[in-house]
Amino acid sequence: MNQSVPGWQLPRIDAGLFFLRVAGAFMLVYVHGLPKIVHYTEELSLIEDPLGLGRQFSLLMAIFAEVVCPLFIAAGVFTRLACLPVLAVLVVSMFVVHTQWSIAEGQFGWLLMIIFGTIALCGPGNWSLGRKGVA
């Protein structure tokens, strides 16, 4: 039996998607993106090049996926499209670079895939700058 107040279901979903977008974007930028910018030279010597495109290109693509895309996602602008590079970097990281990791060792990556996969499937919700009808 659904005892929710009529009209309250959608705002709760929008609030949940807003929280998921902002919290996920913050965690990705803070934990992965900003360190790559702040310590660019060091990161350049450490980053793997699993696709053979060069370390600098790999690092720049990681920065794009871990800094630029999360900003779009948090704002709710081009949200689903912005999730694709994030998910691509996570898939390469988890399935190509860190294949030896157990689920426990890679739990942050798996959780990020769940967060951004959910956002890609559901979209940004109504609490977003990219909402249709917002000028």
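Mentor: A salt bridge here is a side-chain nitrogen of Lys or Arg within 4 Å of a carboxyl oxygen of Asp or Glu. Keep in mind that this is a predicted model.

Trainee: How many salt bridges does a search of the whole structure find?

Mentor: The cut-off is 4 Å from nitrogen to oxygen. With the whole structure searched, the number of salt bridges found is one.

Trainee: Which side chains meet in a salt bridge, at 2.9 Å from N to O?

Mentor: A distance of 2.9 Å, N to O, is listed for this contact, and the cut-off is 4 Å. The two side chains are those of Lys36 and Glu66.

Trainee: How many residues apart in sequence are the parts that Lys36 and Glu66 tie together?

Mentor: Lys36 belongs to helix α1 and Glu66 to helix α3, so the pair links parts separated in sequence by 30 residues.  Both are counted under one burial class, which applies under 20% relative accessible area: Lys36 and Glu66 are buried. The separation asked for is 30 residues.

Trainee: What is the order of the elements from the N terminus on?

Mentor: The protein has five helices and zero strands. Read from the N terminus, the elements are α-α-α-α-α.

Trainee: What share of the 135 residues of the protein counts as buried?

Mentor: A residue is buried when its relative accessible area is under 20%. Of the 135 residues, the buried share is 31%.

Trainee: Which residues lie nearest the centre of the largest pocket?

Mentor: The largest pocket holds about 780 Å³ of space. Its lining is made of 35 residues. Those nearest the centre include the salt-bridge partners Lys36 and Glu66. The full set is Lys36, Ala62, Glu66, Val89 and Ser93.

Trainee: Which helix gives the largest share of the lining of the largest pocket?

Mentor: At least two lining residues come from each of α1 (9–38), α2 (40–46), α3 (55–75), α4 (79–97) and α5 (107–122). By class, the lining has 24 nonpolar, six polar and five charged residues. The largest share is nine residues, and the helix that supplies it is α4.

Trainee: Which element gives the largest share of the nonpolar patch?

Mentor: The patch lies on the surface and has about 1,100 Å² of accessible area together; Leu51, Phe64, Phe78 and Leu84 are among its residues. Two elements, α3 and α4, give two or more residues to this patch. Leu84, for one, sits in helix α4. The largest share, six residues, is from α3.

Trainee: Is Phe78 buried or exposed?

Mentor: Phe78 is in the loop between α3 and α4. Its phi is positive, about 50 degrees, although Phe78 is not a glycine. Most residues other than glycine have a negative phi. The relative accessible area of Phe78 is 59%, and the exposed class starts over 50%, so Phe78 is exposed.

Trainee: How far apart in space are Ala74 and Gly24, C-alpha to C-alpha?

Mentor: Ala74 is part of helix α3 and is partly exposed, with a relative accessible area of 22%. In sequence, Ala74 and Gly24 are 50 residues apart. In space, their C-alpha atoms are separated by 8.1 Å.

Trainee: And how far apart in space are Thr41 and Gln56, C-alpha to C-alpha?

Mentor: Thr41 lies in helix α2 and is exposed, with a relative accessible area of 65%. Thr41 and Gln56 are 15 residues apart in sequence. Their C-alpha to C-alpha distance is 9.7 Å.

Note on methods
Residues are numbered from 1 along each chain as its sequence is written. This is a predicted model: local features need pLDDT of at least 70, side-chain atom pairs count only at pLDDT 80 or more; totals for chains, interfaces and linings use all residues. Side-chain values use heavy atoms; hydrogens and water are left out. On a 1 Å grid over the protein atoms alone, a cavity is a set of points where a 1.4 Å probe fits but cannot get out, and a pocket is an open set with protein on both sides within 12 Å along at least five of seven lines; lining residues have an atom within 4 Å of a point. Grid points are joined across faces, edges and corners, and a volume is the space filled by probe spheres set on the points. Helices (H or I, at least four residues) and strands (E, at least two) are DSSP runs, numbered from the N terminus. Ala, Val, Leu, Ile, Met, Phe, Trp, Tyr, Cys and Pro count as nonpolar, Asp, Glu, Lys and Arg as charged, and the others, Gly among them, as polar. Patches are made of residues with over 30% relative accessible area and no salt bridge: like charges are joined within 9 Å, nonpolar side chains (Val, Leu, Ile, Met, Phe, Trp, Tyr) within 5 Å. Accessible areas come from the Shrake-Rupley method with a 1.4 Å probe; for residues, only the protein chains shown count as cover. Buried means under 20% relative accessible area, exposed over 50%, partly exposed in between (1.4 Å probe, protein chains only).
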